[in-house]
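Visitor: Could you take me through one part of this structure closely, namely the contact between two of its chains? I would like the cut-offs along with the values.

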Protein chains: 4
Amino acid sequence: MSVVTDVNATIASIRREVCLLHAELTRYQLVIWTAGNVSARVPGRELMVIKPSGVSYDDLTPDNMVVCDLHGRVVDGERAPSSDTDAQAYVYRHLPHVGGVVHTHSTYATAWASRGEPIPCTLTMQADEFGGEIPVGPFALIGDDSIGRGIVETLSRSRSAAVLMKQHGVFTIGKDARSAVKAAVMCEDVARTVHIARQLGQPIPIDPRDVDSLFDRYQNVYGQKDNS
Amino acid sequence: MSVVTDVNATIASIRREVCLLHAELTRYQLVIWTAGNVSARVPGRELMVIKPSGVSYDDLTPDNMVVCDLHGRVVDGERAPSSDTDAQAYVYRHLPHVGGVVHTHSTYATAWASRGEPIPCTLTMQADEFGGEIPVGPFALIGDDSIGRGIVETLSRSRSAAVLMKQHGVFTIGKDARSAVKAAVMCEDVARTVHIARQLGQPIPIDPRDVDSLFDRYQNVYGQKDNS
Amino acid sequence: MSVVTDVNATIASIRREVCLLHAELTRYQLVIWTAGNVSARVPGRELMVIKPSGVSYDDLTPDNMVVCDLHGRVVDGERAPSSDTDAQAYVYRHLPHVGGVVHTHSTYATAWASRGEPIPCTLTMQADEFGGEIPVGPFALIGDDSIGRGIVETLSRSRSAAVLMKQHGVFTIGKDARSAVKAAVMCEDVARTVHIARQLGQPIPIDPRDVDSLFDRYQNVYGQKDNS
Amino acid sequence: MSVVTDVNATIASIRREVCLLHAELTRYQLVIWTAGNVSARVPGRELMVIKPSGVSYDDLTPDNMVVCDLHGRVVDGERAPSSDTDAQAYVYRHLPHVGGVVHTHSTYATAWASRGEPIPCTLTMQADEFGGEIPVGPFALIGDDSIGRGIVETLSRSRSAAVLMKQHGVFTIGKDARSAVKAAVMCEDVARTVHIARQLGQPIPIDPRDVDSLFDRYQNVYGQKDNS
């Protein structure tokens, strides 16, 4: 099989994966209408695959996913890519370990974001997945690099795979698109549980040494050997 | 094809569209039992298509949608039209750019309405879709023009596609029925997120110039060229 | 067809109706596990049809519904009837206009019940369906007439089709089982919306004359002529 | 049929039951992604059956359930068992009447756990199922006996079938896996309802003698003779 065939097969497989993962966003009610998306890097290429803009989740197919370069220019696809493409392309350019990015306006996480307040680490699940508090990134208008730069700067100072962009919503990252979707699901779950806990009192913070211990175990031991 | 056949085909197509769009109201849990409805204008005619009154969403078919004139009188259909027909007909008579109207009692939006409190603009998504705060219309009894007049007067003073009718529920408008449904879905999402943000502090307002910039981009750039 | 065949056909039809209506309780998430039930009077007979006790909603069939007399004694059926049978039988004995009864522990209504607080009338939907506040009935232990008596005494002093039994849950009534289910669905919706409204301020009460006017119209005009 | 065949048939049946019961965790939204699990004791054997670690609920089959001994060592299965296996094995070793264990991070119960606050008994449903308040167990790191010991010590001092492990989540027990799942479902329902009641005031406590009476009836009379 030639190198060209190889990369075509890889892109076809990523189109399917990115398309299917949107079903997790709707399953966990992280998105409404067309307001949220998943993208994935094409490994070893300066390319990414992302949802088309303004298309209903019911109408997504592997074929209507859009392939862009890492400056957000369409390389293959008949639709305009998500309006978040520039921000996500910026993340792929500046964080080489990131293989997937997700954007949502999930309710509870966005509520924390709208107050500009990070989510404190009070649950073992948050320590496991995020290794501490979930940080807040700056308010940024769409249309230039400012959203992407805000994501990258905030996540570079944190172990968290999620950032709450002020007055806007959530971006999550992962080694691949599936991991980024998992982080989006867990971010909303943590945001909701800590919110509810705070309504009737103060959730107890977890000791930073325990946070380290939980994060280390979860990242290295949890799950099956072949897919952890 | 004669003009008569033409308008019949158009009405048949609008019957299907209006019928199907009710599934978005149930999908996003904006309605219970029979308490909410979608209508659409028949373009170029003094006609509208609306849900029958008191019929379960499971039992809706294109055929049992009701065609009325713009004073709410039944022109075609065996069922009584929605009890909101007069209000929606008033909207079509007075706002010629409106092609669709939706009415719900969606939980969070109705909670704001029951306090008579507009939803402040603190989220980029709200700026995108509504261009500012979501306003409150007057308390009005069903049975004359007062609901329709309250909707029209309130929306005429606002860029918002949604109005919270005091102690009652939500009406949304759009260039067609699908846009009005989208506004209903986003209105509840915004109402919920801002409510939850407010429970633990104050969401940060978005600068009015940023609201203008977001609204302008979203109305003119977002989505696919052929359906934005 | 003989009178015996007639009543058998009626009972078979009510078994189907009561069985199917439980799907509305799960659809609107008014119940968990086996904790809630629907019953119906057999018109013109001293009989009622009710859910079997402790049977999962997935496993309900018309055949395993239980026929009891109006003292809760099993007349036909292989299962023990709902542990709420005595309370519901009491309602049928004392309120001859009631053709259906529903019991749930739906979340928001039960929260009001656990504080012993009636739901004030601040929404047109509540005025329409309940004609005023939703009242609280006494705390009562299961095992004798005290639950049934509490329901009947409370509802006899009110236009409401729903009563919040203190520290327990909700009972609703209707002219038939479907109407009682509708009241259960709307009671939870109202309980939730008013709760949420109250979290951030005070919902505005509806003027009692407007409540009367809304209730009168909804009970007499709303819906289709043949099924209002 | 030989004894060996017998135990194999029993294990096959338990694999099916444990696998299927995970669908109740997702149905009632007690879990997200892979964060929660069900196990069952193999009666008369020093064995248990549990969910594999980090496997999506969609991908569970009877065959990929894992059989462990009561020290958490894999006896049969190709996957690593849940990371909660040690804690659940500890429960089976020390509480011989327990036939099933469930672990979730269900939202409202975990919110109480994160404040280290037991759920007071203010609802008849809680008296029925839990016989009083739902207690809090200690904060414990994963990796040794401390979670299992915390569960056993807490539940040994209570009639409750559920324990809120501080800053972590919920463990429930039952005579079999189905009963433990039921306790998990009801624990979240009670946690949610009491939380919501407390948001606007104080739910009324149930008199301890009434709690005893309700608990006794529900444990001994409710449901069908053959499956109560």
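Guide: Happily; here is the contact between chain A and chain D, followed by a short look at a sheet in chain A. This is a predicted model, in which local features need pLDDT of at least 70 and side-chain atom pairs count only at pLDDT 80 or more, while totals for chains, interfaces and linings use all residues. Residues are numbered from 1 along each chain as its sequence is written, chains are lettered from A and ligands numbered from 1 in the order in which they are written, and side-chain values use heavy atoms, with hydrogens and water left out.

Let us start with the extent of the contact. Chain A contributes 34 residues and chain D 33 residues, where contact means heavy atoms within 4.5 Å. Between them the two chains bury about 2,900 Å², 60% of it on carbon and sulfur atoms; buried area is the accessible area (1.4 Å probe) that two parts lose on being put together, summed over both.

Next come the polar links. One salt bridge is counted between chain A and chain D, a salt bridge being a side-chain nitrogen of Lys or Arg within 4 Å of a carboxyl oxygen of Asp or Glu. The side chains of A:Arg27 and D:Asp58 form a salt bridge, at 2.5 Å from N to O. On the side of chain A that touches chain D, at least two residues each come from helix H1 (3-27), helix H4 (124-130), helix H6 (177-199) and helix H7 (208-220) of chain A. Helices here are DSSP runs (H or I, at least four residues) and strands likewise (E, at least two), numbered from the N terminus. H6(A) gives the largest share of that side, eleven residues.

How are the two copies related? Chain A superposes on chain D by a rotation of 90 degrees with 0.0 Å of shift along its axis, at RMSD 0.0 Å, by least squares on the C-alpha atoms of residues with pLDDT of at least 70 in both. The two copies are thus related as by a four-fold rotation axis. Within chain A, A:Gln199 has the C-alpha nearest the axis, 5.3 Å from it. The copies use different surfaces, as 6% of the contact residues of chain A recur in chain D.

Finally, the sheet. In chain A, eight strands form an open sheet with mixed pairing, in the order S4-S3-S2-S1-S5-S8-S7-S6; two strands pair if DSSP finds at least two bridges between them. Strands S7 (residues 162-165) and S8 (residues 169-174) of chain A run antiparallel, joined by four bridges.
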